[in-house]
Amino acid sequence: MTYLEPGGSWRPLWLVAGVLGLLVVLDVVLPGPDVPPLPWALAVVAVLGLVTFGCSAARRVWTVRVAGAGPDRALSVGRERVPLADVDAAHLRAVREGTAGVDAGAPVLGGGWSLPRGRTGLPLRLTDGRTVLVPTRDPAALSAALLDAAPGSTVPESGGSHGAGPDTPDVRPGDRRTLGP
């Protein structure tokens, strides 16, 4: 089973291109002094280049994907990858039922300080006890895809705080990405 949720859309690029095209047409059609072609060309290339960069970056950084076969099955958000064998399916089922949630201060999978606009954080506990938030527009579909892809990924319940303990290395913020080196 493959689940893919694009991190961004190309719609902003097409909207900006349409507005710029309309401005060029209005400049040609309306009376008065015309703006020379070189400034128009530079403005169009610069603006469209910036918008293209933003759309491409959003798609690259925030795309959520559940894919792979066998032991290579994984959840990835941008460059971060979590093998589905490391996902606590029992906790994910509890989240779907509304009986479990997220630890305070859980990092966002894929990096970033907070969830991107328009997305909800799906709490995902890993088998080592850490909890991360998966940014998604459709948490129900993503959790269904995760549970379908990792039906046997459960761990025994553990008490106490998650993410800190004798096995957690002492690192400064910024030394590691969300899920480590």
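## Exercises on helix packing

In H4, Leu142, Ser143, Ala145, Leu146, Leu147 and Ala149 are buried (under 20% relative accessible area, 1.4 Å probe, protein chains only). This is a predicted model, in which local features need pLDDT of at least 70, side-chain atom pairs count only at pLDDT 80 or more, and totals for chains, interfaces and linings use all residues. Residues are numbered from 1 along each chain as its sequence is written, and side-chain values use heavy atoms, without hydrogens and water.

**Exercise 1.** Find what covers the buried residues of H4.

*Solution.* Start with the strands. The cover includes S1 (3-5), S2 (64-67), S3 (74-77), S5 (120-125) and S6 (131-136). Then add a helix: H3 is also part of the cover. Contact here means heavy atoms within 4.5 Å.

**Exercise 2.** Describe how H3 packs on H4.

*Solution.* Step one: geometry. H3 (residues 89-97) and H4 (residues 139-149) pack at about 150°, with axes 10 Å apart. Such angles run from 0 to 180 degrees between N-to-C directions, and the axes are lines fitted to C-alpha atoms over the stretch in contact. H3 is therefore roughly antiparallel to H4 (angle over 145 degrees).

Step two: residues. H3 contributes Ala89, Leu92, Arg93 and Arg96. H4 contributes Ala140, Ser143, Ala144, Leu146 and Leu147.

Step three: character. The contact residues divide into six nonpolar, one polar and two charged. Ala, Val, Leu, Ile, Met, Phe, Trp, Tyr, Cys and Pro count as nonpolar, Asp, Glu, Lys and Arg as charged, and the others, Gly among them, as polar.

**Exercise 3.** Do the analysis for H1 and H2.

*Solution.* Geometry: H1 (residues 11-29) and H2 (residues 37-62) pack at about 170°, their axes 9 Å apart. H1 and H2 are therefore roughly antiparallel. Residues: from H1 come Pro12, Leu13, Val16, Ala17, Leu20, Leu23, Val24 and Asp27. They meet Trp40, Val44, Val47, Leu48, Val51, Thr52 and Cys55 of H2. Character: this contact has 13 nonpolar residues, one polar and one charged.

**Exercise 4.** Place these helices in the protein chain.

*Solution.* Count the elements: four helices and six strands. Helices (H or I, at least four residues) and strands (E, at least two) are DSSP runs, numbered from the N terminus. From that end, the order is β-α-α-β-β-β-α-β-β-α. Now look at burial: of the 181 residues, 32% count as buried. Finish with contacts: among those with a separation of 6 or more, 69% come from residues 24 or more positions apart.

Notes: Parallel < 35°, antiparallel > 145°, perpendicular 65-115°, else oblique. Buried < 20%, exposed > 50% of the residue type's maximum accessible area, 1.4 Å probe, protein only.
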